[in-house]
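Dear colleague,

I am passing on the structure below, together with some notes on what was found in it. Please read the notes with the coordinates open beside them.

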Amino acid sequence: TAAGYGLAKYRFPGRRAVFAVILGAIAIPGTALAVPTFLLFSKLGLTNTPWAIIIPSLVSPFGLYLIWIYATDAVPDELLEAARIDGAGEVRIFLTVVLRLLAPGIVTVGLFAVVSTWNNYFLPLIMLSDPKWYPLTVGLNQWSAQAIGAGAEPVYHLVVTGSLLTIVPLVIAFLLLQRFWQSGLSAGSVKQ
């Protein structure tokens, strides 16, 4: 959020280069980075741990781009100038003014990140070898694979129940966070 706001509201040399790098990072699919990520995490000794899934999920070029574009229009320059004239520092402006105006964008980026991490199948599949660390997506596939073949026991009732359970946390997250999707939070704050 801070990076997207900074890129939207501050002019500095190299801003276009940062924009090009972010767009390039968005264009690279996550599966193309999976093997280099695995090699890096295996050198660090973090494979087969939850950190192998959490740390790569924290980086989101699309989230940065989305906040950047949202902050360009959602945070009026006049409101920032008024806060500076009133004596507020840049950190205080960010924490008290900007974060409130960017709340819908932050919630949107957060939900995108949660959904993509929750539904991620490939990264946990290559990073984790211990079944106790498998997320629901990989575990459901393992159960489904057990039901195929000679002498296999059908566990489709478990797969269907597990599929339902994978959806419930996402639905709850959407319901709890929908109140933050308000438009026009800064309407009336600046005289046109």
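**Surface patch, cores and salt bridges**

Phe19, Leu23, Ile26, Phe62 and Phe112 make up a nonpolar patch on the surface, and together they have about 410 Å² of accessible area. Patches are built from residues with over 30% relative accessible area and no salt bridge, like charges being joined within 9 Å and nonpolar side chains (Val, Leu, Ile, Met, Phe, Trp, Tyr) within 5 Å, while the areas come from the Shrake-Rupley method with a 1.4 Å probe, only the protein chains shown counting as cover for residues. Please bear in mind that this is a predicted model, in which local features need pLDDT of at least 70 and side-chain atom pairs count only at pLDDT 80 or more, whereas totals for chains, interfaces and linings use all residues. Residues are numbered from 1 along each chain as its sequence is written, and side-chain values use heavy atoms, with hydrogens and water left out.

Helix H2 (residues 15–27) gives the most to the patch, with three residues; helices (H or I, at least four residues) and strands (E, at least two) are DSSP runs, numbered from the N terminus. Ile26 lies in helix H2 and is partly exposed, with a relative accessible area of 32%, where buried means under 20%, exposed over 50% and partly exposed in between (1.4 Å probe, protein chains only).

Turning to the interior, the largest nonpolar core has 16 residues, of which Tyr5, Trp68, Val75, Leu80, Ile93, Val98 and Leu102 touch the most other members; a core is a set of buried Ala, Val, Leu, Ile, Met, Phe, Trp, Tyr and Cys residues joined through side-chain atoms within 4.5 Å. Two or more residues each come from helix H1 (2–9), helix H5 (61–74), helix H6 (77–85) and helix H7 (90–101), and the largest share, four residues, is that of H7. Leaving aside neighbours within four places in sequence, Trp68 is in contact (heavy atoms within 4.5 Å) with Gly4, Leu7, Ala8, Arg15, Phe19 and Ile22. Apart from the largest core lies another, of six residues, among them Phe41, Ile53, Leu123 and Met127. Leu101, also in helix H7, is buried at 9% relative accessibility, and its C-alpha atom is separated by 8.3 Å from that of Ala71, 30 residues apart along the chain.

The count of salt bridges comes to two, a salt bridge being a side-chain nitrogen of Lys or Arg within 4 Å of a carboxyl oxygen of Asp or Glu. One joins the side chains of Lys9 and Asp77 (3.0 Å, N to O), and this pair links distant parts of the chain, with Lys9 in helix H1 and Asp77 in helix H6, 68 residues apart. Lys9 is buried, at 14% relative accessible area, whereas Asp77 is partly exposed at 40%. Arg84 forms a salt bridge with Glu90, the closest N and O atoms being 2.7 Å apart.

One backbone detail deserves a look: Asn48, in the loop between helix H3 (34–44) and helix H4 (51–57), has a phi near 65°, a positive value in a residue other than glycine. Most residues other than glycine have a negative phi.

Finally, Thr166 lies in helix H11 (residues 156–177) and is buried at 13% relative accessibility; not counting residues up to four places away in sequence, Thr166 touches Trp118, Leu136 and Leu140.

With best regards
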